[in-house]
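Hi everyone, thanks for making time this morning. I'd like to walk you through a structure that may be new to you, so let's put it up on the screen.

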Amino acid sequence: MNLFLIATINLFAISIPYHILAYYPFRDRVRFNIWKISAVVLILQIINSFYYGYSIVNGGSGIKVEYLFAVIYMTIYFYCVKDDKCKVLFLYFFATDYVLILRGLSAFLEACLFYSDNMVFYSLRSTLIHTIIFVISMPFMLRFFSHAKTQVLSIDAPLFWRTAWLLPAFNTAIIMLFTGKLDLEQVYTFHFLFARALLLLCVFVIYFILLQSFDSIKRQAVLAEQSAIQEHLLNLQKKQQQQMLKHIEQTKTARHDLKQHLNVIRAYTESNDIKALQCYLNSYEHTLYCDNYKTYCKNFAVNAVLNYYGEEALRYHIDYDVICNLDETLPVNEAELCALIGNLIENAVECCKNITDKKCFIKIRSVCEKNYIAFTVDNTCEKAPVLQNGRFLSTKHEGYGTGTYSITVSAQRNGGTAEFHYTDGVFFASVLLYG
């Protein structure tokens with residue numbers, strides 16, 4: 001078999017498995033059909049392998065060809081995978097480090113077992129050794145990479161990921177600079193093996209450190225959310241207090257004016273002018289303050305939240321329909337439930353208030369049992385919200401929305417679930433919380 005064909009087969013055989021490793025964990029997070037992406041990558045790999053073989057035949061090492069196509073593969077991967085770009089880069093360099101480790105280890109083993117002065121590392125024997133090592137390590141690496149993907153994607157910390165991807169990137173760059181060329185003189189040394197083993201160690205150390213960081217970030221996120229809940233409730237309490245003060249002032253004014261109104265009514269009565277009295281009473285009725293405060297449920301805090309958003313709905317002429325069967329004592333944390341309900345109704349009001357061409361509604365229902373609470377909020381929605389990677393995009397700014405995500409996290413923390421869907425101009429939100 002001629003040199004061109006041997007070199008071409010070698011690169012193709014050792015490269016395809018790595019594409020599988022890179023894309024397989026993200027098979028449900030790609031912009032296009034996974035089979036179409038596979039076809040494009042396969043065609044590019046064939047072209048890459050032919051150029052590599054051509055370079056070897058013409059006395060080159062093929063390394064420049066590999067570097068060039070590595071950039072092309074990374075660009076395609078970067079574009080096809082739908083997620084935060086810094087997270088994608090972080091995971092891509094992890095996969096790249098695995099490639100470098102295995103290629104270096106297989107070259108070192110071949111040099112130790114089959115040493116000869118004219119040996120090369122793109123023979124069929126090289127392909128076989130590399131394939132054996134890959135098959136042995138692949139189950140572990142797939143599990144490791146899938147777990148890493150789950151951990152990485154679960155952390156919503158953009159500022160952290162803007163720099164975190166540089167860790168595996170610098171590892172890759174250093175190893176490529178100092179041990180990138182696979183020639184016999186360099187490979188057949190413990191210095192080369194040590195460098196690649198150190199790369200493997202760095203991969204796991206970085207991953208371990210980041211796991212610790214993930215736990216810290218999650219704890220900070222929980223504390224931040226709890227702080228946001230308390231701040232949200234404090235704002236609601238302030239607004240409720242303002243409304244109560246307003247009611248008190250209006251009550252004082254009404255009591256002060258009542259004596260004057262009684263004098264007028266007495267005068268009309270004494271003069272037996274019933275028609276004038278009726279006109280006066282009708283006029284007086286229109287000046288009376290309309291008290292919109294209602295008792296939706298027995299729990300004071302939840303009732304206050306429902307009343308606050310009830311007035312917001314009234315301001316925007318939204319039909320506000322509430323049936324809330326919550327007791328005074330709840331099986332779940334009261335503050336967290338109020339924040340969750342507030343988020344749900346606030347989202348509904350925001351969705352409805354800008355719709356002017358039709359009558360909007362917000363329909364709220366709840367059930368409270370001994371160990372759980374079920375809550376639903378349905379509202380008019382002009383257009384379907386955009387769902388990306390399991391999260392809704394914000395309608396107020398670029399990126400993900402925080403309302404539904406916060407609701408989901410809160411429900412999961414209480415052992416429950418939160419579900420959202422859109423059908424025929426209506427957005428449905430359902431939350432189940434366990435005590």
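**A walk around the sheet**

Let's begin with one pair of side chains: Asp-321 and Arg-365 form a salt bridge, with their closest N and O atoms 2.8 Å apart. Asp-321 sits in strand S1 and Arg-365 in strand S2, so this pair ties together parts that are 44 residues apart in sequence. Asp-321 is partly exposed, at 32% relative accessible area, and Arg-365 is partly exposed too, at 24%. Please keep in mind throughout that this is a predicted model.

Now let's step back for the overview. The protein has 13 helices and seven strands. Of its 435 residues, 42% are buried. The accessible surface comes to about 24,900 Å², and carbon and sulfur atoms account for 62% of that. If you take the contacts with a separation of 6 or more, 71% of them join residues 24 or more positions apart.

Back to those strands. In what order do the strands of the open sheet run? The order is S1-S2-S3-S7-S6, five strands with mixed pairing. At the edges are S1, residues 319-325, and S6, residues 417-423, each of which pairs on one side only. On average, neighbouring strands in this sheet are turned by 5° against each other, ignoring direction.

Let's follow the pairing inward. S2, residues 361-368, and S3, residues 372-380, are antiparallel and share seven bridges. Between S2 and S3 there are three residues, and the two strands form a hairpin. One bridge you can look for joins Ile-362 to Asn-379 in S3. S3 also pairs with S7, residues 426-434, again in the antiparallel sense, this time over nine bridges. Two places to look along S3 and S7: Ile-373 has Leu-433 as its bridge partner in S7, and Asp-378 has Phe-428.

Next, the helices that go with this sheet. Helix H11, residues 300-315, packs on the sheet and touches S1 and S2, and its direction makes about 170° with that of S1. Helix H12, residues 334-353, lies across S1, S2, S3, S6 and S7, and runs at about 10° to S3.

Both helices carry a salt bridge of their own. In H11, Arg-315 bridges to Glu-312, with the closest N and O atoms 3.0 Å apart. Why are these two about one helical turn apart? Because Arg-315 and Glu-312 are three residues apart in helix H11. Is each one buried or exposed? Arg-315 counts as exposed, at 54% relative accessibility, while Glu-312 counts as buried, at 14%. In H12, the side chains of Lys-353 and Glu-350 meet at 3.2 Å, N to O. Lys-353 and Glu-350 are also three residues apart, about one turn of the helix. Here Lys-353 is partly exposed at 27%, and Glu-350 is partly exposed at 28%. The salt bridge count comes to three.

Finally, let's move away from the sheet. Leu-198 is in helix H9, residues 190-270. Together with Leu-201, Val-205, Phe-208 and Ile-209, Leu-198 makes a nonpolar surface patch of about 460 Å². Leu-198 counts as partly exposed, at 38% relative accessibility. For contrast, look at Phe-94 in helix H4, residues 85-113. Phe-94 is buried, with a relative accessible area of 5%. Phe-94 and Ile-206 are 112 residues apart in sequence, and their C-alpha atoms are 10.0 Å apart in space.

That's my tour, and thanks for listening!

Notes: Residues numbered from 1 in each chain as written. Predicted model: local features only at pLDDT ≥ 70, side-chain atom pairs only at ≥ 80, totals over all residues. Heavy atoms only, no water. Patch = residues over 30% accessible without salt bridge, like charges linked within 9 Å, V, L, I, M, F, W, Y side chains within 5 Å. Areas by Shrake-Rupley, 256 points an atom, 1.4 Å probe, with all protein chains shown as cover. Salt bridge = Lys/Arg side-chain N within 4 Å of Asp/Glu carboxyl O. Helix = DSSP H or I, 4+ residues; strand = E, 2+ residues; numbered from the N terminus. Buried < 20%, exposed > 50% of the residue type's maximum accessible area, 1.4 Å probe, protein only. Pairing = 2+ DSSP bridges. Axes fitted to C-alpha atoms, helices over the stretch in contact; angles between N-to-C directions. Contact = heavy atoms within 4.5 Å.
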